[in-house]
Amino acid sequence: MTRAPRENPVVITGAGMVTALGHTVDETWENLIAGKSGIRAIESFDARGFACRVAAQIQELDSQSFSFPAKSTRIADLPTTMLLKCSQDAHRQGHLDALSIPRDAIGFFAGMGVVDDKLDDLVPAVLASRRESRAMDMGMFFATGWQKIYPLFTLSMLNNISFCLAAIELDIRGENAVFAPHADAGAQALIEAVNTLLEEKSTVALSGGVSEKISAMSLARGHITDEVNMSAGTEERACRPFASDRAGTVLGEACAILCLELRASADARRAGYSTAITGYGQAFGVGEFSSGPTVDAIGNAMRRALEIAELAPNDIDVLIAHGDGSKSGDQNELTAIENVFCPSIKKLLVYSSKAALGHSLAAAAVVDALLGVAMLEKQLIPPTLPLEGDIDDLPFRLVNGAPLAAPCRRVMINCRSGQGQAASLVLEKIV
């Protein structure tokens, strides 16, 4: 653990984000404030065989708004496209296009999920391995048919290929790492970037997370792990964080990348900023009847984040909860929040983005971090969806129904995996 000095914290000088509600931070923010949801019926593939047939999928990205290497088309898919766009947006916003910072002084860290294979790359091999009866002949396949498989087929399934393509496109040569595959991976990427900057291994770092592409494979994983809402009805009520009738989460596509550096470096470069990352915490613990983190693990992550930030629980104005709408997950987080923030919990404002943006896994914590930056800048909190319905008798105030104008200087972000990891971040407004 490396504690950031209060006078020279790590600040955010650039950002890029795409979600189901927009291709920029501002566009996503405006739609959230308007109470809109990006969750809708899946159209990119036939999902009729699944119990959950809704998701928060992004709309087609404008290829004219960012650089995409044509030679990489065969091994690139949606996660690569999102990562390229967001990394380039953060790079440009952070004014890293100038040659004032050596390329090997720029770090790059990302949380990334599973990249599924492209079945179309296997079709030529299958066609070349059929008998006259059209039945598949495995002997023909292993003799000659396999040679028809696209040579880079296996590379296309490595999530760090997308990471490498983005680094090559931006000519980033500094410290780097990839984390996978759940929501804590994005938080780990931010934490690694913060520590790299504090230890002066990099001058600037791009850091964030990118979701998986919603496909038949990713949706099947959500069903197998019992994460998604199997009874999802209308899109508007498919994911209901902290609601009494919550029944699971909904997958979402998203990417968010931050440009980070020490405040002294940003001042020297005259780079603009409004927010610092001042605290973080991580913990692990698996319950007997749940694969998610225990109450203690979630609570310990929050406590460690407060300790690093040198803050007390009552210093936090807004908590962006992981709040994915799962029965045990939300209950564990609720209890942990109550344990950590009592007796000041009555004044704590809580928000969850997943009923509007879906659960974007490795991108989730970083998307929430950028929403936290917007809250601190605009002194406004979006409503947690759905706008109406029964909510549990909560010990804190869940912002719901309409946007809430409220003075806020510090925001905490929670995230967790499905395997026991929990992480928390603290953002502070620079005054």
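Alanine 369 is buried, with a relative accessible area of just 1%. In this predicted model, alanine 369 has its place in helix H12. Setting aside residues up to four places away in sequence, alanine 369 touches Ile413 and Leu427. If you want a feel for distance, take cysteine 239: 130 residues separate it from alanine 369 along the sequence, and the two C-alpha atoms are 20 Å apart in space.

Leu427 is a good stepping stone, as it also turns up in the surroundings of threonine 275. Not counting neighbours within four places in sequence, threonine 275 is in contact with Val10, Val11, Ile12, Val373, Leu376, Leu427, Glu428 and Ile430. Threonine 275 itself lies in strand E8, which covers residues 275-284. Is threonine 275 buried or exposed? With a relative accessible area of 1%, well under the 20% cut-off, threonine 275 counts as buried. Its side chain also has a polar partner, the side chain of serine 274, at 3.1 Å.

Go back along the chain from E8 and you reach a loop with an oddity in its backbone. Arginine 270 sits in the loop between helix H8 (263-269) and E8. Arginine 270 is not a glycine, yet its phi is positive, about 60°. This arginine is exposed, with a relative accessible area of 78%.

Now compare another arginine. Arginine 416 is found in strand E14, residues 410-416, and is buried, with a relative accessible area of 5%. So what does the side chain of arginine 416 make a polar contact with? One partner is the side chain of glutamate 333, at 3.1 Å, and a polar contact of 3.0 Å joins arginine 416 to the side chain of aspartate 324. Leaving out neighbours within four places in sequence, the contacts of arginine 416 include Ala183, Asp184, Pro293, His322, Gly329, Gln421 and Ala422.

Next, the helices. In H1 (residues 25-33), the buried residues are Val25, Thr28, Trp29, Asn31 and Leu32. They cover an arc of only 165° around the axis, so they sit on the same side of H1. What do the buried residues of H1 pack against? Their partners are strand E1 (10-18), strand E10 (349-351), helix H11 (354-357), helix H12 (364-378) and strand E11 (380-381). After H1 comes glycine 35, with a positive phi near 80°.

Helix H7 (residues 216-224) can be read in a similar way. Ser218, Leu219, Gly222 and His223 are buried there. Look down the axis of H7 and these buried residues fall within an arc of 145°, so they line one face of the helix. H7 is followed by aspartate 226, and the phi of this aspartate is positive, near 65°.

H11 and H12 come up again when you look for enclosed space. Rolling a probe the size of a water molecule over the atoms shows where empty space is left. The count here comes to five cavities of 30 Å³ or more. The second largest cavity has a volume of about 50 Å³. Its lining is made up of Thr19, Ala254, Ser353, Lys354, Leu357, Gly358, Ser360, Ala364, Val367 and Asp368. Which elements give two or more residues to the lining of the second largest cavity? They are H11 and H12, and H12 gives the most, with three residues. Sorted by class, the lining of this second largest cavity has four nonpolar, four polar and two charged residues.

A few more backbone details are worth finding on screen. The peptide bond from alanine 180 to proline 181 is cis, with omega near -5°. Proline 181 lies in the loop between strand E5 (176-179) and helix H6 (183-198). The peptide bond from cysteine 342 to proline 343 is cis as well, with omega near 15°, and proline 343 belongs to the loop between helix H10 (327-341) and E10. Finally, histidine 95 has a positive phi near 55° despite not being glycine. You'll find histidine 95 in the loop between helix H2 (78-93) and strand E4 (106-112).

Note on methods:
Residues are numbered from 1 along each chain as its sequence is written. This is a predicted model: local features need pLDDT of at least 70, side-chain atom pairs count only at pLDDT 80 or more; totals for chains, interfaces and linings use all residues. Side-chain values use heavy atoms; hydrogens and water are left out. Helices (H or I, at least four residues) and strands (E, at least two) are DSSP runs, numbered from the N terminus. Buried means under 20% relative accessible area, exposed over 50%, partly exposed in between (1.4 Å probe, protein chains only). A polar contact is a pair of N or O atoms within 3.5 Å; within protein, one must be able to donate a hydrogen and the other to accept it, and residues adjacent in sequence count only if both atoms are side-chain atoms. Contact means heavy atoms within 4.5 Å. The arc is that of the directions from the helix axis to the C-beta atoms. On a 1 Å grid over the protein atoms alone, a cavity is a set of points where a 1.4 Å probe fits but cannot get out, and a pocket is an open set with protein on both sides within 12 Å along at least five of seven lines; lining residues have an atom within 4 Å of a point. Grid points are joined across faces, edges and corners, and a volume is the space filled by probe spheres set on the points. Ala, Val, Leu, Ile, Met, Phe, Trp, Tyr, Cys and Pro count as nonpolar, Asp, Glu, Lys and Arg as charged, and the others, Gly among them, as polar.
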